[in-house]
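Thank you all for coming; please have a look at the structure before I start talking. I will go through one sheet, then a core, and then the second chain and the contact.

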Amino acid sequence: MSILYDERVDGPLPTVDKLALLAELRAQLPDLDVLHDQEDLKPYECDGLSAYRTTPMLVVLPERVEQVQALLKLCHQRGVPVVARGAGTGLSGGALPLEQGILLVLARFNKILEVNPAGRFARVQPGVRNLAISQAAAPHELYYAPDPSSQIACSIGGNVAENAGGVHCLKYGLTVHNLLKVEVLTVEGERMTLGSDALDAPGFDLLALFTGSEGMLGIITEVTVKLLPKPQVARVLLASFDSVEKAGRAVGDIIAAGIIPGGLEMMDNLAIRAVEDFIQAGYPVEAEAILLCELDGVEADVQDDCERVRAVLQQAGATEVRLARDEAERVKFWAGRKNAFPAVGRISPDYYCMDGTIPRRELPGVLRGISELSAECGLRVANVFHAGDGNMHPLILFDANQPGELERAEALGGKILELCVKVGGSITGEHGVGREKINQMCAQFNSDELTLFHAVKAAFDPSGLLNPGKNIPTLHRCAEFGAMHVHHGQLPFPDLERF
Amino acid sequence: MSVDHDASAALLEQVNHALNSSTALRIQGGNSKAFLGRNVAGEVLDTRAHRGIVSYDPTELVITVRAGTPLVELEAALDEAGQMLTCEAPHFAEGATVGGMLAAGLSGPRRPWSGAVRDLVLGTRLITGFGKQLRFGGEVMKNVAGYDLSRLLAGSFGCLGVITEVSLKVLPKPRQTISLRLQMDAACALQKLAEWGQQPIPISAASHDGQALHLRLEGGEGSVAAARERLGGELLDSAYWGELNEQRLPFFAAAAPLWRLSVPSHCGVLALPGEQLIDWGGAQRWLKSDADAALIRQVATEVGGHATCFSAGHCDSPLQPLAAPLLRYHRQLKAQLDPQGIFNPGRMYAEI
């Protein structure tokens with residue numbers, strides 16, 4: 001069942017007269033950059049989920065909040081759908097455009113407005129890149145903690161909209177834990193402040209609600225993030241295992257020892273080999289699994305913790321434990337992990353990155369399940385795993401030029417996510433639902449829960465003009481998705497409520 | 001003694017009955033925070049029969065608890081496993097429940113460094129204004145499927161539904177804790193805190209009681225010893241933090257109304273009539289003052305914060321009134337999630 005917007009199941013979209021809208025935009029906002037030629041629109045037809053493309057009707061590139069405000073007012077009056085986009089690095093199609101909508105690109109809002117070391121915050125425009133915040137804070141020995149792997153390119157507005165994560169979440173939290181305040185525009189173009197310069201704000205915690213809401217409740221125009229002092233030192237241990245089960249258990253043992261690593265990553269053999277071929281990170285290619293365990297903080301504590309973790313890893317049956325000798329080797333160990341996706345991209349024409357989360361104890365069973373599903377589908381899967389927080393990134397290898405392989409990869413991906421839900425996990429840990437996982441939402445939530453989500457949406461955007469079709473499926477879509485599964489045999493989880 | 005009992009069916013039945021008869025409900029656990037917010041006229045819905053720890057696996061760093069569970073029981077279970085709720089939510093009375101902790105959303109001295117109650121929330125079960133018990137979030141650290149309704153419930157004072165269960169992230173207790181007392185005035189303390197905040201010093205609580213700066217250091221043996229060496233001062237009994245959190249210090253006994261000002265930590269000393277006590281490294285100021293609500297709120301707002309009145313019945317809107325667009329969206333959200341307006345109507349604001 002296609003994930004592209006389908007009015008039959010996703011609801012009718014308003015009919016918009018492109019030329020009339022263009023004329024009106026030019027009249028009301030003469031200094032607003034508007035793209036309307038087919039060839040200018042082309043670069044905006046997808047985000048990081050490039051397998052799915054839709055050409056937007058118009059692309060607008062505002063530079064001032066007043067322009068966005070006027071645009072939203074106009075779109076609200078005329079009933080024009082608006083899809084917000086930051087840097088376009090999202091992996092779930094959250095910024096996938098609509099043929100009958102405006103794509104609102106916020107990339108030109110790229111100014112760092114304030115870095116305040118005494119208050120330990122930075123106030124930035126939404127198009128500022130994640131890494132640029134830490135770079136601006138670096139002279140004060142401060143940094144912004146969440147570090148999604150796209151941090152060199154992704155924008156903070158997109159990070160807020162997706163509640164982006166990264167490799168340090170277990171210790172330092174997600175985007176939602178590192179925000180103080182966001183300025184938003186409502187669908188009607190009204191300004192609203194969520195959160196505050198203090199640690200809380202009166203009323204409901206709308207800052208939490210908006211974080212991860214995928215551009216469905218409002219448009220983010222300014223973000224105030226918390227800054228943290230840079231850890232004095234960071235050391236990384238690389239442990240090899242002859243089975244993924246042992247590596248999985250070692251993760252639980254480290255936590256049971258009362259240690260919260262700054263980062264705790266796991267890779268399986270296929271991923272290890274791909275990385276080693278690509279950048280020679282010094283990984284043991286014979287190992288069935290490796291763990292990278294980073295300990296950061298004050299020198300004396302980190303040294304103690306390294307010794308403790310080394311003992312735990314050896315006790316857990318590691319065949320080898322190596323402490324990065326120096327900063328250069330530490331960076332090399334991490335470079336391997338951070339390049340895992342492109343490395344896998346070299347051994348397969350295409351790959352499809354999944355983002356399920358599971359309770360950590362379920363890891364061995366889920367990895368077995370993935371390997372069985374992989375064999376059934378005839379597609380290889382490499383596993384990269386934020387082991388500390390239970391966030392898996394199975395990479396499905398396929399060749400889009402082979403007829404039917406993309407569909408098989410999608411089907412395999414869907415089954416892997418449903419497996420995550422079955423063991424008490426979630427279909428997305430940090431990439432978001434977007435359009436990509438719109439069908440799997442029907443496996444994670446029942447119709448009453450989805451109805452409540454739609455009620456939340458209705459409180460902020462009753463006319464449904466902000467990013468239509470993303471994040472929350474219609475009950476109609478879920479009914480068809482459920483029916484399709486029945487046709488293929490029995491329902492995947494008969495105990496779940498269906499409609 | 002710990003009791004394990006699932007009373008969700010009875011709670012659901014009471015909610016459905018209230019929906020059918022359009023009866024307002026006053027949701028209550030241990031009634032330990034009843035003094036907060038506005039009065040609610042309604043039939044009492046007591047969550048306390050719905051109690052017990054549903055699941056707890058220390059290596060997963062997650063505990064799932066029914067809302068009526070006494071907070072002391074949750075804390076004891078964590079303590080036994082060498083873990084804790086980092087938010088140090090205040091009890092205010094013996095019977096405080098987990099549901100009340102979440103609904104009130106109050107956090108203790110560790111807040112600026114380890115987050116609030118809402119930051120620990122991973123998932124909830126909620127009885128809604130449509131008469132259903134639903135589940136949002138879950139027991140995993142990362143989960144961005146759907147809107148984050150679970151964190152929205154933290155601090156919502158029961159106005160959006162009846163919280164029946166919550167999954168919380170827990171952490172190991174620090175290996176080492178010591179507390180220090182450093183003689184200095186409030187202005188100097190705030191300045192020092194702003195400076196130390198930019199450095200990797202393992203401070204986990206910082207309060208100024210009018211006379212001296214009180215600090216708590218938590219971490220590994222090495223970092224705590226090094227910080228102790230560097231900061232000087234005299235050792236302080238760690239019981240101070242509990243007394244502060246539970247409002248049992250002599251400061252809180254004064255007759256004047258109690259206000260909580262939530263402000264940016266680096267905003268300096270606030271000029272207000274009455275006595276002040278600084279917590280949260282400067283981000284939370286307790287004020288005992290007879291001053292007008294309007295004046296107190298003006299001072300708090302000017303520095304980017306807000307003020308809540310903690311003395312029951314002292315002012316009509318104990319929570320700081322909301323700006324017009326925010327209030328409108330609060331009303332719309334309330335109307336969507338609780339269309340009949342049966343859950344704690346008026347507890348936060350007269351309009352919701």
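In chain A, five strands form an open antiparallel sheet in the order 5-6-10-8-9, where helices (H or I, at least four residues) and strands (E, at least two) are DSSP runs numbered from the N terminus, and where two strands pair if DSSP finds at least two bridges between them. Before going further, I should say that this is a predicted model, in which local features need pLDDT of at least 70 and side-chain atom pairs count only at pLDDT 80 or more, while totals for chains, interfaces and linings use all residues. Residues are numbered from 1 along each chain as its sequence is written, and chains are lettered from A, and ligands numbered from 1, in the order in which they are written.

The edges of the sheet are strand 5 (112-116) and strand 9 of chain A, each of which pairs on one side only. Direction ignored, neighbouring strands are turned by 15° against each other on average; axes here are lines fitted to C-alpha atoms, for helices over the stretch in contact, and angles run from 0 to 180 degrees between N-to-C directions.

Which strands does strand 8 of chain A pair with? With strand 10 (residues 219-226) of chain A it runs antiparallel, joined by six bridges, and A:Leu185 has A:Ile219 as its bridge partner there. With strand 9 (residues 191-195) of chain A the pairing is also antiparallel, over five bridges, and A:Glu183 is partnered by A:Thr193. Strands 8 and 9 of chain A make a hairpin with five residues between them, and A:Gly189 in the turn has a positive phi of about 85°.

Strand 8 (residues 179-185) of chain A has five of its seven residues buried, so it is largely enclosed by the rest of the structure; buried means that 20 or more other C-beta atoms, placed from the backbone, lie within 10 Å of a residue's own, whereas exposed means 12 or fewer, and partly exposed lies in between.

On the other side, strand 6 (residues 121-124) of chain A pairs antiparallel with strand 10 of chain A over four bridges, and A:Phe121 stands opposite A:Lys226. Helix 4 (residues 65-78) of chain A lies across strand 8 and strand 10 of chain A, at about 140° to strand 10.

Now to the core. The largest nonpolar core, a set of buried Ala, Val, Leu, Ile, Met, Phe, Trp, Tyr and Cys residues joined through C-beta atoms within 7 Å, has 246 residues, of which A:Leu104, A:Leu291 and A:Ile396 touch the most other members. Helix 15 (residues 405-422) of chain A gives this core its largest share, seven residues. Leaving aside neighbours within four places in sequence, A:Leu291 is in contact with residues including A:Ala239, A:Leu264 and A:Met266, contact meaning that C-beta atoms placed from the backbone lie within 7 Å.

Finally, chain B holds 11 helices and 17 strands, and 55% of its 352 residues are buried. How many residues does each chain bring to the contact? Chain B brings 68 residues and chain A brings 79 residues. On the side of chain B that touches chain A, helix 11 of chain B gives the most, with eight residues.

Note on methods. Two residues are in contact if their C-beta atoms, placed from the backbone, lie within 7 Å.
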